[in-house]
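Me: Could you take a close look at one part of this model for me, and follow it out into whatever surrounds it? I'd like the geometry laid out in plain words.

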Amino acid sequence: MLEFCDSEIVDSLRFHLRDLSVAFRFGEQVERVEVAEAGTITTLASGKRIAAETVMYSAGRQGATDELGLDNAGLETNSRGRLDVDEHFRTKLDHIYAVGDVIGFPALAATSMEQGRHAALHAFGEQVSSLGKMQPIGVYTIPEISYVGRHEGDLTDESVPYEVGLSRYRELARGQIVGDPYGMLKLLVHAEDRTLLGVHVFGTAATDLVHIGQAVMGCGGTIDYLVDAVFNYPTLSESYKVAALDATNKLRALDRLVR
Ligand SMILES: Cc1cc2nc3c(=O)[nH]c(=O)nc-3n(C[C@H](O)[C@H](O)[C@H](O)COP(=O)(O)OP(=O)(O)OC[C@H]3O[C@@H](n4cnc5c(N)ncnc54)[C@H](O)[C@@H]3O)c2cc1C
């Protein structure tokens, strides 16, 4: 489930959805759906039978490229109708670009638009910087999820030393005012140079809050900036300061033991 997100955040979402009576059946295959006047019965290959009023299925997006005659230009798409592109969004033909959903992940509105702007600049020989990896991802579940930058899994795989700074909304005045006891903001901080490597937010206004971390990361900032910054009270933005203090305390505890 949402394998591109931080696993702790996904666990939180799963817990929250279960709390709202959502049942998950992972790794199952649908064998058949029977539709009757009074409702539907879905039978799974494992033998489970699920009664429901309605069945909705969602299988991801497909590129609507079938009828474009791309093969006439010498281009092929994959099984989802998608095209491969290089870092400038050029297909294997220098004069044909592709952006947005038709090139796959992240397939979001803001990134698609920015890819289009980059492709257009490149196509007309204008100066263009690299789009980079600093693109925020927003998932409009209830509660929302948003992140920018690296994941714990990536950093662990690459043996990058990092510390986690955590802030829970329920410990913030604004979190209590908005009544969000589950929300959290997690900072991933480089354990040596203290730069911000990733920001992961779960809860109210996650897709807005992430941009503070994005701006700090974009400017190469460290958690020291967040520790020293004064944030309006009561706000959810304050979670940055709380999480930065948490990471600082953990790093300091380590330093003291090493000395
Ligand atoms: C249900 C849903 C909810 C979403 N919610 C969000 C969200 O909250 N935030 C977010 O960032 N993203 C969201 N997205 C993703 C976002 O909509 C897409 O990533 C974005 O629209 C991709 O832009 P695009 O230009 O690549 O494709 P599209 O926006 O799909 O544009 C493609 C256009 O090409 C046209 N077209 C297709 N074939 C032809 C043809 N042969 N000739 C001429 N025109 C053609 C289509 O009619 C369409 O207008 C959501 C997507 C879905 C499906």
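Reply: Let's start at Pro143, which sits in the loop between strand 4 and strand 5. Keep in mind that this is a predicted model. The bond leading into this proline is a cis peptide bond from Ile142, with omega about 0°. As a rule, most peptide bonds are trans. There's another cis case at Phe105 to Pro106, where omega is near 5°, and Pro106 belongs to the loop between strand 3 and helix 2 (109-123).

Back to the strands on either side of Pro143. They belong to an open sheet of 5 strands, ordered 4-5-8-7-6, with antiparallel pairing. Its edges are strand 4 (137-139) and strand 6 (162-168), each of which pairs on one side only. On average, neighbouring strands here are turned by 10° against each other, ignoring direction.

What packs on this sheet? Helix 1 (residues 7-19) does, touching strand 5 (145-149), strand 7 and strand 8, and its direction makes about 0° with that of strand 8. Helix 7 (residues 238-258) packs on the sheet too, in contact with strand 6, strand 7 and strand 8, and its direction is at about 140° to that of strand 6.

Strands 7 and 8 deserve a zoom. Strand 7 (residues 184-190) runs antiparallel to strand 8 (residues 196-202), and the two pair over 6 bridges. Within that pairing, Leu185 of strand 7 is opposite Val201 in strand 8. The loop between these two strands holds Arg194, whose phi is positive at about 65° although Arg194 isn't a glycine. Past strand 8, in the loop leading to helix 5 (206-218), you get Ala205, another non-glycine with positive phi, near 60°. For context, most residues other than glycine have a negative phi.

Helix 7 has a neat lead-in as well. Thr235 lies in the loop between helix 6 (223-228) and helix 7. Its side chain reaches back to the backbone oxygen of Asn232 at 2.6 Å, and a polar atom of that Thr235 side chain is also 3.3 Å from the backbone nitrogen of Glu238. Beyond its neighbours within four places in sequence, Thr235 is in contact with Leu172 and Arg174.

Now the ligand, which brings us back towards our starting loop. Around the ligand are Arg61, Leu68, Gly100, Asp101, Ala107, Leu108, Ala109, Ser112 and Tyr140. That shell splits into 5 nonpolar, 2 polar and 2 charged residues. For polar contacts, a polar side-chain atom of Asp101 is 2.6 Å from a ligand oxygen, while an N or O atom in the side chain of Arg61 is 3.4 Å from an oxygen of the ligand. Ala107 joins in through its backbone, with an N or O atom 3.0 Å from a ligand oxygen. Taken alone, the ligand exposes 1,000 Å², and the protein buries 33% of that.

One last piece is another open sheet, made of 3 strands in the order 1-2-3 with antiparallel pairing. Strand 1 (30-36) and strand 3 (49-52) form its edges, each pairing on one side only, and neighbouring strands are turned by 15° against each other on average, direction ignored. Strand 2 (residues 39-44) is joined to strand 3 by 4 bridges, and Thr42 has Ile50 in strand 3 as its bridge partner.

Methods. Residues numbered from 1 in each chain as written. Predicted model: local features only at pLDDT ≥ 70, side-chain atom pairs only at ≥ 80, totals over all residues. Heavy atoms only, no water. Pairing = 2+ DSSP bridges. Axes fitted to C-alpha atoms, helices over the stretch in contact; angles between N-to-C directions. Contact = heavy atoms within 4.5 Å. Near = heavy atom within 4 Å. Polar contact = N/O pair within 3.5 Å; in protein donor to acceptor, adjacent residues only side chain to side chain. Areas by Shrake-Rupley, 256 points an atom, 1.4 Å probe, with all protein chains shown as cover. Nonpolar A, V, L, I, M, F, W, Y, C, P; charged D, E, K, R; others polar.
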